[in-house]
Amino acid sequence: MTVSSVAVCCDDLGLMSEARRLCAAAGLDAEVTAAHDATRWWSSAVAVLLDTVAARRVLSQGVDRRARVALLSRRAEPDDWRIAVEIGAEQVAVLPTDERSLLEHGVLAGADRSGAGRVVACVAASGGAGASTVAVGVALAAARQGRSTLLVDADPAGGGLDLVFGLERSVGVRWPDLTGEAASWPPETLPAGLLHPAPGLALLSWDRPAEPRPEPAVGWPALMSTARATHDLLVVDVSRPPDLRELATADVVLLVVRAGVRSTVAAAQLARRLLPVCGDLRVVARGTGRGALSRTDIEGALRLPVTVELPEDPRIASAADDGQLARALARLPFDATASGLCETRGATRGATRGATRGRPE
């Protein structure tokens, strides 16, 4: 699904036909989707139109609330309103009566995001591969190039990305601020007061609580649904093991692998799981050469091309500990990677699926 497509998910074929017609009237692409795999398209669609039967099936998959959802109905029965509240729909549209409202004031009004930002998820093939380093490097490079960038720390056990910037004592919104009373934080708006480690770069980080806290009211895919409209690039540092349902919402997945035997074997195993759900999977190799596996070795094992090689630099670990990672990463070739990610922003997520599916065996 492209970032400018409306997901149409209706059990009622008549409502499905009318939904597609309304999308065409709004100048939007409509993609008919199935309720049983809602986790694949729920967060990435620009808007969602569904009927009550489909909404129940979507709810059963535990999807996060998101913006721009409308429930379509013939008569607006009490059950329709109940399901609409449960799924977080902004509108219950009785067709054909509410057609004009849906187009001019509802979820289809101003929903075109053909120029929306891209979501890039960074995944480590194994522990210590350096996905956080790659995420920070790409985000900083994109911001230096004048692109509005959001860096999301999606690893609650990672210690907090604010540390690598030396911002652990800085006041700003972090994931735990989206719990408790903040559970009503609307996914259609980004929280105010994010950290800004560099010009053009916003950061949503985890912190280091003294006591256990509840999980955030929203997950990163729900945040991405809104942030696409306000940022050119969204870079997510994903936890291990990755949630494949979440990764399916990303436009590009960067698989970070160290040039060692165990890390490469782990990367090959993970790539087999990622390919069916990730339309654009790219490999970042760290520390190739000088006794380690070569680029050719890694590409042969993964049966995927290596997009970028990052040389081993022992100063990076100490720089991260000192809160000076941004300065250390300026020496590495992240600028070309960031440019490549942003230049293909308008591409569909499925464009490379046919080229990569099934390569690992």
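Strand β1 (residues 5-9) pairs with β3 in the parallel sense over four bridges, where pairing requires that DSSP finds at least two bridges between two strands. Strands (E, at least two residues) and helices (H or I, at least four residues) are DSSP runs numbered from the N terminus. The model is predicted, so that local features need pLDDT of at least 70 and side-chain atom pairs count only at pLDDT 80 or more, whereas totals for chains, interfaces and linings use all residues. Residues are numbered from 1 along each chain as its sequence is written, and side-chain values use heavy atoms, with hydrogens and water left out.

Within the β1-β3 pair, V8 stands opposite L49 of β3. Strand β3 also pairs with strand β4 (residues 69-73), in the parallel sense and over three bridges; V48 has V69 of β4 as its bridge partner. Strand β3 (residues 47-50) is covered on both faces, with A47 and L49 buried on one side and V48 and L50 buried on the other. Buried denotes under 20% relative accessible area, computed with a 1.4 Å probe on protein chains only.

An open sheet of eight strands with mixed pairing follows the order β8-β9-β7-β10-β6-β11-β12-β13. The edges are formed by β8 (195-198) and β13 (306-310); each has a single partner strand, so one side of each is left without a neighbour in the sheet. Neighbouring strands of this sheet are turned by 25° against each other on average, direction ignored. Strand β7 (residues 149-154) and β10 are joined in the parallel sense over six bridges, and T149 has L233 in β10 as its bridge partner.

Helix α6 lies across β6 (118-124), β7, β8, β9 (201-204), β10, β11 (252-258), β12 (281-286) and β13, and runs at about 170° to β10. Helix α9 (residues 261-274) lies across β6, β11 and β12 and runs at about 160° to β11. Contact means heavy atoms within 4.5 Å. Axes are lines fitted to C-alpha atoms, for helices over the stretch in contact, and angles run from 0 to 180 degrees between N-to-C directions.

The largest pocket has a volume of about 540 Å³. Of its 31 lining residues, G130, A131, S132, T133 and G158 are the closest to its centre. A pocket is an open set of points on a 1 Å grid over the protein atoms alone, where a 1.4 Å probe fits, with protein on both sides within 12 Å along at least five of seven lines; lining residues have an atom within 4 Å of a point. Grid points are joined across faces, edges and corners, and the volume is the space filled by probe spheres set on them. At least two lining residues each come from α6 (131-144), β10 (233-238) and α11 (315-321).

Conventions. Buried < 20%, exposed > 50% of the residue type's maximum accessible area, 1.4 Å probe, protein only.
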